[in-house]
Amino acid sequence: MSVIKIQGTDDTPTVTLDRDNNIFEISGRSLPEDVVVFYKPILEWLDDYKNNPLEKTVFNFKLEYFNTASSKLLLDVLLKLEDISNDGHDVLVKWHYPDDDEDMEEAGEEYSDIVDVPFEQVPYSI
Amino acid sequence: MANIKEHNESLDFVYDFYVKMKRNNINLAYEGEITHQITKAFTSLAETNMAHEEDPSSVQKKVFHVMVECLQNISKHSEGNANESAKDGRGIFMVSKAATEYNVTTGNIIKNVNVEKLRSILENVNKQDKDGLNKLYKQQMREGSISDRGGAGLGFIDIARKTGQKLLYSFLTIDNVNSFFILTSTISRIKE
């Protein structure tokens, strides 16, 4: 299946979706000019991946910053992962946050409340 | 100089404006179209400036976040004013820094017919405590969708919960079509 590899900028995140190498990651900053346009190929890729996922999918979020419009689209990404999990596949979301960033930690807690998928909070120091 | 009197008045205005900005601790003031490029420029300017300050990174991140949401509000929701040939997405944007707080203020034109709807949204946000805001945010994220203007309806809720302060706002009637909407968000510089 195709690979998504988007290099991050100061307003868009780095995205790697690579089934063959078992890498699923969104990291960096997300405040794109048009969130729907930016996240559309990512959501479409996940729809495709849903049909033939790996036995275990570990999806890493390592965001420094995202705006409220992105928060809605990140939820859409997580809901796709929930679907895969509901289909009986192993999914783990790893939510990485700087250990001094309470807001990012709380954002992870919030998503784990909303979405029914195994969720691991991973603090890191800068 | 065609008109020395006018020129002198304009000089007075510049100095007066400067004094007023200083007195009100205004670090940044802008009037015009708020594009994505402007949003990026202002937020990166604020980041650079704040990097030299003693404010904790949590405060700097909150200021950055409030600026992004406020700028995107104007770019997405400000209405043009036919009378003044103003385009959509214009407004005034100000950041001030006092001893104990940052203030981010926006002002933009909205249609009178939209005033009551906006007022009730803001009143509802201001009624909530932290738990209420979190609930509201989750609900809106789950049930809402991205509007054709590219907003998620989450900006005000998130400003309120990240700053822990009430939103200050007012509506000034311009004429029978338009009003001027002013919003001030306060970020405390004192760590809780």
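How are H2(B) and H3(B) oriented to each other? In this predicted model, helix H2 of chain B runs over residues 36-51 and helix H3 of chain B over residues 57-77, and the two pack at an angle of about 165°. Angles over 145 degrees count as roughly antiparallel, so H2(B) and H3(B) are roughly antiparallel to each other. Their axes lie 10 Å apart, and the crossing they make is right-handed. On the H2(B) side, the residues that do the meeting are Thr39(B), Phe42(B), Thr43(B), Ala46(B), Glu47(B) and Met50(B). Their partners in H3(B) are Gln60(B), Val63(B), Phe64(B), Met67(B), Val68(B), Leu71(B), Gln72(B) and Ser75(B). Sorted by kind, the residues of this contact between H2(B) and H3(B) come to 8 nonpolar, 5 polar and 1 charged.

Chain B has another helix pair to look at. Helix H5 (residues 130-143) and helix H6 (residues 155-163) of chain B pack at about 150°, with 10 Å between their axes. That angle makes H5(B) roughly antiparallel to H6(B). Here, though, H5(B) passes H6(B) in a left-handed crossing. From H5(B), the contact takes in Lys130(B), Leu133(B), Asn134(B), Leu136(B), Tyr137(B) and Gln140(B). From H6(B), Ile157(B), Asp158(B), Ala160(B) and Arg161(B) take part. The mix in the contact of H5(B) with H6(B) is 5 nonpolar, 2 polar and 3 charged residues.

Next comes the meeting of the two chains. In the model, 18 residues of chain A are in contact with 21 residues of chain B. On the chain A side, helix H1 (35-50), helix H2 (68-86) and helix H3 (102-114) each supply at least two of the touching residues. H2(A) gives the most, with 5 residues. As for character, the side of chain A that touches chain B divides into 6 nonpolar, 3 polar and 9 charged residues.

Two residues give a close-up of how the chains touch. Glu69(B) sits in helix H3 of chain B. Is Glu69(B) buried or exposed? With 24 other C-beta atoms within 10 Å, Glu69(B) is buried, since 20 or more such atoms make a residue buried. Leaving aside neighbours within four places in sequence, Glu69(B) is in contact with Asn67(A) and Thr68(A) from chain A, and with Gly155(B), Asp158(B) and Ile159(B) from chain B. The C-alpha atoms of Glu69(B) and Leu154(B) are separated by 9.1 Å, although these residues are 85 places apart along the chain. On the other chain, Ile114(A) lies in helix H3 of chain A. Ile114(A) has 16 other C-beta atoms within 10 Å and so is partly exposed. Again not counting residues up to four places away, Ile114(A) touches Leu75(A) in its own chain, plus Lys138(B) and Arg142(B) in chain B. Ile114(A) and Leu78(A) are 36 residues apart in sequence, with 9.4 Å between their C-alpha atoms.

Then there is the nonpolar core. In soluble globular proteins, nonpolar side chains tend to be buried together. The largest nonpolar core here holds 56 residues. Which of the 56 residues touch the most other members? They are Leu81(A), Val93(A), Met67(B), Leu71(B) and Ile157(B). Two of these, Met67(B) and Leu71(B), also belong to the contact of H3(B) with H2(B), while Ile157(B) belongs to the contact of H6(B) with H5(B). Leu81(A), for its part, touches Phe59(A), Val91(A), Val93(A) and Val117(A), with residues up to four places away in sequence left out.

A few other spots deserve a look. Val122(A) is in strand S6 (residues 119-124) of chain A, and is partly exposed with 13 other C-beta atoms within 10 Å. Beyond its neighbours in sequence up to four places away, Val122(A) touches Lys94(A), Trp95(A) and His96(A). Between the C-alpha atoms of Val122(A) and Asp34(A), 88 residues apart along the chain, there are 29 Å.

Finally, two asparagines have an unusual-looking backbone angle to report. Asn22(A) has a positive phi of about 60° although it is not a glycine. Asn22(A) is found in the loop between strand S2 (14-18) and strand S3 (23-30) of chain A, and counts as exposed, with 10 C-beta neighbours inside 10 Å. Asn25(B) also has a positive phi, near 55°. The loop that holds Asn25(B) joins helix H1 (4-23) and strand S1 (26-33) of chain B. With 14 other C-beta atoms within 10 Å, Asn25(B) is partly exposed.

Key:
Residues numbered from 1 in each chain as written. Chains lettered and ligands numbered in written order. Predicted model: local features only at pLDDT ≥ 70, side-chain atom pairs only at ≥ 80, totals over all residues. Axes fitted to C-alpha atoms, helices over the stretch in contact; angles between N-to-C directions. Helix = DSSP H or I, 4+ residues; strand = E, 2+ residues; numbered from the N terminus. Parallel < 35°, antiparallel > 145°, perpendicular 65-115°, else oblique. Left-handed = near helix turned anticlockwise from the far one by under 90°. Contact = placed C-beta atoms within 7 Å. Nonpolar A, V, L, I, M, F, W, Y, C, P; charged D, E, K, R; others polar. Core = buried A, V, L, I, M, F, W, Y, C linked by C-beta atoms within 7 Å. Buried ≥ 20, exposed ≤ 12 C-beta atoms within 10 Å, placed from the backbone.
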